[in-house]
Structure formats: structure tokens, C-alpha cells
Amino acid sequence: MFLDSDLLMSALRALTPILLAALGGALCERAGVFNIGLEGMMLMGCFTSVATSWFTGSVWLGVLAAALAAAAYSLILAVGAVTLRGDAVVLGIAMNLLAVGLTGFLLRTVFGVQGTFDDPSLAGLPLIGGFTPLAYLSWAAVAVAALLLSRHVWGLRLRGVGEAPDAAATLGVSPARYRYGVILLSGVLCGLAGAQLALGNVTLFTENMTAGRGWIAVVAVMLGRAAPLGVLLAALLFGLAEAAGFRLQGLGLPQQATDAAPYVVTLGALFLTTARRRRRPRTTGAVQ
């Protein structure tokens, strides 16, 4: 049977890195910052988690280092887009390209290997009920983010910063401070996503191992309209697509075809979303 509990478990495991990164992107979107640097921050988290875990022998120090490294890396976007008022899209693309080159260089410099680093002594994240603690954390983060954005004063101010920054500033709310905060928080979440990918889903580091998951997280933000529950459902869709790809590969389909499954779903979801928005009737006139 193709659809069974094992497929759902695989989808939930594939969901976690995408969901953590997408939540960070959703918070940035609510603050008025379009963060497409999720891929680069995730990749930095992957490398840092593996390197720290291997050198220290502690997987949890690896997770912590991944969160801190990705948060520090996110400062490129924060300083460039908020303080210097640069283009967030250009900065995000540059961060993604830089992370690929930087982690590849560090892989050869630190470990003396090229392509993949894999060591039997590298510890992975423990499993509780078939999932890592970071998976449970990602699900809890959805509920916390939904509660903060809808009920807490911090979330309401964050939404105000994104929708009307000038009005928020007149009320004593600093748009720059809130944007710095959510960009750094997105870095932490992307670092945790990278740690989950490198130490939870597998226990190794390979060059460009995020393989577009950060870009899928950006699409999840768009499909979910930056709402935590919507982001969760969109990320679950992509997790199911990835799990189905692995299942089809086991049934004999070529690896290249099955690896493309999440990206085909991404393109299809974007096409349907765009078509639906274009069909909506446009209202004319303006409020005087």
C-alpha cells in the first residue's frame, strides 16, 4: 500500500527543516522584510552543527552552535536591509550563494575532505517516539507564533510594523528594532532547521545539502500567507511530496525523477496560487 503510516512518519520527518525555516520567514514577512536568505542560513546551520558536534562530542552543543552561527549570519540581511536600506531580495540571494561557497571552503579547510564529511563517531539527535526533539519544537513553535501574532502585544506591534511602519513609529514603536529582532529569530530557526537536517534526518555534511529546502520554505511562506497554521499546512504538503519521492524511488523509479517531486509540487502550488489570485475580482474606487 502506497499511503500508509510509514509514509506519514517520513513526511513529518521531512517537514521539520522546512517548517522551522518557513516560520522564520513568516515572521520576517509580518515585519515587512521579504527574507529569501533562508537557504543560506540553513546551510550555515548544517555545517556548524556537524563541525561543533564532531569536535566537542556533544550533539546539543552542535545544535546551539548552529542556532548562534545562523543568527550571526542573518546580521548580513539585518544590517543591509534595515540599517543600510538595501534590497532584501538581492541581499538574500547573495547570502545563499555565499553560504554555498563558504561551507564548501570550510569543509576542505576544517575536515580536509571534498564533497561529503561522514564519520562514525558523529552523534545524531536522539529520537523520542520516532522524532527528534527539534521536530516537537517546530510543532510547538507554530502554536506559539500563532498565539503571539494574534493575541500578544508584541505580535500586534510586529504586524503594525509590517503593515504601517510610519504609523507604528508615531506610536513609539521602533520598526528597525522589531525587524532586527525577527531577522535574528529567523536565523535561529534556520540554524535549528540546519541542525535537524544534518544531525536529525542524517548524520553527515555534504556540500549544498539543503538542496533548495530554503527556497521551498520561502514558497511555504507565500502559500501560507505568512500565517503560522498556513505555513504548517504548506510545509506538510512539501514534506509529503519528499516522502512520496523516496517511496517511488523504492518502487523502481529513477532517482532523478523522485528527487524532483518536491520541486514539481512547489511549481504547481505557485501556479495554482497565482491563477487563483488573478481570478479574484478587483474592486475599483478609493476611500476619500
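Helices are taken here as DSSP runs of at least four residues, numbered from the N terminus. In this predicted model, helix 9 spans residues 213–223, and this helix is followed by Arg225, whose phi is positive, near 55°. Helix 9 is mostly covered, with eight of its eleven residues buried; these are Arg213, Gly214, Ile216, Ala217, Val218, Val219, Ala220 and Val221.

The packing of helix 1, which covers residues 5–30, was examined against two other helices. The axes of helix 1 and helix 9 come within 8 Å and cross at roughly 50°. Because angles under 35 degrees count as roughly parallel and those from 65 to 115 as roughly perpendicular, helix 1 and helix 9 are described as oblique to each other, and helix 1 passes helix 9 in a right-handed crossing. With helix 5, formed by residues 133–150, helix 1 packs at an angle of about 25°, and the axes of this pair lie 9 Å apart. This angle falls under the limit of 35 degrees, and helix 1 and helix 5 are therefore roughly parallel to each other. The crossing in which helix 1 passes helix 5 is left-handed.

On the surface, a nonpolar patch is formed by Phe34, Val89, Ile93, Leu97, Trp215 and Met222, which together have about 530 Å² of accessible area. Two elements, helix 4 (88–111) and helix 9, give two or more residues to this patch, and helix 4 gives the most, with three residues. An α-helix has 3.6 residues a turn, so residues three or four places apart point the same way. Phe34, another member of the patch, is found in the loop between helix 1 and helix 2, the latter covering residues 38–56. Since partly exposed residues are those between 20% and 50% relative accessible area, Phe34 belongs to that class with its relative accessibility of 35%.

Helix 4 also contains Val90, which counts as exposed because its relative accessibility is 53%, a value over the cut-off of 50%. Val90 and Asp118 are 28 residues apart in sequence, and their C-alpha atoms are separated by 34 Å in space.

Side chains of opposite charge can pair when their charged atoms come close. When a side-chain nitrogen of Lys or Arg within 4 Å of a carboxyl oxygen of Asp or Glu is taken as a salt bridge, the count comes to two salt bridges. In one of them, the side chains of Arg108 and Glu207 meet at 3.7 Å, N to O. This pair links distant parts of the chain, with Arg108 in helix 4 and Glu207 in the loop between strand 2 (205–206) and helix 9, 99 residues apart. Arg108 is partly exposed, with a relative accessible area of 38%, and Glu207 is likewise partly exposed, at 31%.

A salt bridge is also formed by the side chains of Arg213 and Glu242, which meet at 2.9 Å, N to O. Here too the pair links distant parts of the chain, since Arg213 lies in helix 9 and Glu242 in helix 10 (residues 228–250), 29 residues apart. Buried means under 20% relative accessible area, and Arg213 is therefore buried at 13%, while Glu242 counts as buried at 12%.

Terms used. Residues are numbered from 1 along each chain as its sequence is written. This is a predicted model: local features need pLDDT of at least 70, side-chain atom pairs count only at pLDDT 80 or more; totals for chains, interfaces and linings use all residues. Side-chain values use heavy atoms; hydrogens and water are left out. Patches are made of residues with over 30% relative accessible area and no salt bridge: like charges are joined within 9 Å, nonpolar side chains (Val, Leu, Ile, Met, Phe, Trp, Tyr) within 5 Å. Accessible areas come from the Shrake-Rupley method with a 1.4 Å probe; for residues, only the protein chains shown count as cover. Buried means under 20% relative accessible area, exposed over 50%, partly exposed in between (1.4 Å probe, protein chains only). Axes are lines fitted to C-alpha atoms, for helices over the stretch in contact, and angles run from 0 to 180 degrees between N-to-C directions. Angles under 35 degrees count as roughly parallel, over 145 as roughly antiparallel, 65 to 115 as roughly perpendicular and the rest as oblique. A crossing is left-handed if the near helix is turned anticlockwise from the far one by less than a right angle, and right-handed if clockwise.
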